[in-house]
Amino acid sequence: MTPPHQSPAIGSLALIVIFVIAVAGAFAFTAGWLSPQRLTPGKLVDAFAPPTGAALGHRRNHAKGICFTGVFEANGAGSALSQAPVLSRGRYPVLGRFNLGTANPNAPDATVRVRGLGLRITTPGGQEWRTAMINAPVFPVSTPQTFYELLRAEGSKDPNAIATFAAAHPEFAPFADWAKNGTWTGSYAEERYNSLNSFIFVDGSGAEHVVRWSLLPAAQTVAVSTDELTKRGADFLEQEIAQRVAGAPQRWAMVVTVAAGGDPTADPTKPWPADRRTIEVGTLAAQQVQAEPDGPCRDINFDPTVLPSGMRTSDDPFPAARSAAYAKSYDLRTAEAKDYPRTATGARP
Amino acid sequence: MIVAHRRFTPVQRLLHWLMAACILAVLFIGVGMVSTVMPKYLTLVAIHKPLGIAILALALIRLAVRLRYGAPPLPADLPEPMKLAAVASHYAL
Ligand code: HEM
């Protein structure tokens with residue numbers, strides 16, 4: 001038998017020390033402590049905040065919005081593209097949120113260019129299709145890293161920061177053109193909402209299709225000038241949609257566009273050619289507007305990577321970055337619940 | 001029934017090293033996950049959650065095994081402060 005507990009040799013002590021240092025080093029590397037330029041979810045989320053600081057308790061972007069419930073009526077045609085249960089013929093409950101692309105929950109409606117729609121469709125097995133879409137026809141930038149640079153430029157004190165950014169990033173031009181010359185409407189119900197990001201649909205035979213999707217409004221789109229919209233008041237959008245939905249459910253057609261080989265699937269600044277195959281897979285009906293601070297949209301994260309089987313992320317780098325950023329925003333705002341109190345009565349403010 | 005063996009049973013040693021590997025992995029995956037927006041974020045989250053649950057399950061199994069087989073006494077010649085540290089860290093865990 002070996003004699004128990006001899007004093008450890010210098011050699012093995014040194015080995016232990018080296019091992020511990022190596023593990024600590026690897027940990028620091030993994031955590032990003034050795035690479036301060038790494039883009040983290042925290043940096044992305046902080047970049048939305050105005051100089052006065054983020055609105056505590058609220059979403060760090062698309063902070064202003066109004067919740068609704070409704071139904072998605074799948075017509076079954078989508079089963080040709082994906083075996084997801086949500087595309088097989090049927091009626092599935094929906095939780096949704098109309099919103100404005102701003103970090104300010106009190107921004108006057110007529111001052112916010114980007115309007116969005118968050119959606120969660122649930123099927124009986126408990127699977128969910130979550131998506132968050134906007135009315136812009138293209139995204140301003142090609143990568144999450146460039147999005148961060150754009151946010152930094154928007155937050156910059158330099159009055160030429162955006163011009164400098166635009167000059168360095170020609171891919172920004174189509175979005176800028178839409179922002180300047182695109183139509184403004186007086187209603188969330190008259191907007192078209194686009195996924196912009198691409199995803200992969202897997203059909204019953206296992207074949208994969210790269211797709212994007214859009215919600216096309218049934219309501220007729222009426223162009224209204226921003227001067228006119230300003231006169232309607234700071235919150236006209238939520239007031240209008242509440243009235244409109246109370247009168248009748250508001251509908252959109254869900255249309256899926258299939259990429260052809262060679263289409264830019266990883267770059268949301270690039271639309272696909274207009275002649276690509278499209279399939280109308282169903283209809284979204286917004287049936288009831290819900291309270292925003294007390295309602296069911298408060299504690300949900302419309303994470304675009306929460307997808308049913310038969311759908312998954314593609315080579316588009318945005319959904320993963322969004323998932324990371326939305327989780328960060330969600331963690332922050334749910335921990336700050338006391339700064340965004342529920343109304344005691346449960347009534348809308 | 002608690003029997004004092006000279007060593008931990010093979011099952012206990014297996015559990016010990018399995019959990020050591022899992023815990024180290026989950027720490028690395030967790031800290032990498034919250035510091036990236038790259039596509040690997042989704043993969044890391046997809047491993048992190050089930051691995052965390054697996055560690056919980058292993059911990060429960062380990063408790064049951066410990067209750068069944070007990071633990072050997074600490075080496076008699078271990079210095080007092082180290083004994084104290086061993087006992088205290090066990091209860092802390
Ligand atoms: C890297 C790029 C992006 C970042 C960092 C980002 C960031 C955010 C954050 C932090 C939120 C709040 C999430 C929450 O607290 O629940 C949010 C919400 C939202 N985003 Fe993005 N976003 C990005 C890209 C996009 C894209 C490409 C679209 C649409 C095509 C989009 C549409 C929306 C919509 C509609 C909401 C509101 C969802 C809701 O009502 O909860 N975002 N975004």
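**Helix packing, a ligand pocket and a second chain**

Helix 3 of chain A has its buried residues covered by, among others, helix 2 (41-46), helix 4 (161-168) and helix 8 of chain A. Covering here is about contact, meaning heavy atoms within 4.5 Å, while helices (H or I, at least four residues) and strands (E, at least two) are DSSP runs, numbered from the N terminus. The model is a predicted one, where local features need pLDDT of at least 70, side-chain atom pairs count only at pLDDT 80 or more, and totals for chains, interfaces and linings use all residues. Residues are numbered from 1 along each chain as its sequence is written, chains are lettered from A and ligands numbered from 1 in the order in which they are written, and side-chain values use heavy atoms, with hydrogens and water left out.

Back to helix 3, which runs over residues 144-154 of chain A. Its buried residues are A:Pro144, A:Thr146, A:Phe147, A:Tyr148, A:Leu150, A:Leu151 and A:Ala153. Buried means under 20% relative accessible area, exposed over 50%, and partly exposed in between (1.4 Å probe, protein chains only). As a rule, an α-helix has 3.6 residues a turn, so residues three or four places apart point the same way.

Helix 8 (residues 318-335) of chain A also holds A:Tyr326, and this brings in the ligand. A:Tyr326 is the only protein donor of the ligand's iron atom, through its OH at 2.1 Å. Donors are N, O and S atoms within 2.8 Å of the metal (3.2 Å for Na, K and Ca), and water is not among the atoms, so sites may look incomplete. A polar side-chain atom of A:Tyr326 also sits 2.6 Å from a nitrogen atom of the ligand. Two arginines pair up with ligand oxygen atoms: the side chain of A:Arg97 has an N or O atom 2.7 Å from one, and A:Arg333 has a polar side-chain atom 2.7 Å from one.

Around the ligand there are 26 residues, and A:Arg59, A:Arg97, A:Tyr326, A:Ser329 and A:Arg333 come nearest. To be counted, a residue needs a heavy atom within 4 Å of the molecule or strand in question. Helix 8 of chain A gives the largest share of this shell, 7 residues. Strand 2 (90-100), strand 3 (115-122) and strand 4 (128-134) of chain A each supply at least two residues as well. By type, the shell splits into 14 nonpolar, 8 polar and 4 charged residues. Here Ala, Val, Leu, Ile, Met, Phe, Trp, Tyr, Cys and Pro count as nonpolar, Asp, Glu, Lys and Arg as charged, and the others, Gly among them, as polar.

Strand 4 of chain A is also home to A:Glu128. A:Glu128 counts as buried because its relative accessible area is 18%. Its side chain makes a polar contact with that of A:Arg130 (2.7 Å). Leaving aside neighbours within four places in sequence, A:Glu128 is in contact with residues including A:Arg120, A:Ile121 and A:Val306. By contrast, A:Asp227, in helix 6 (residues 226-231) of chain A, counts as exposed because its relative accessibility is 57%.

Chain B has 3 helices and 0 strands. The C-alpha trace of chain B spans about 50 × 30 × 20 Å along its principal axes. Of its 93 residues, 27% are buried.

Definitions and conventions. A polar contact is a pair of N or O atoms within 3.5 Å; within protein, one must be able to donate a hydrogen and the other to accept it, and residues adjacent in sequence count only if both atoms are side-chain atoms.
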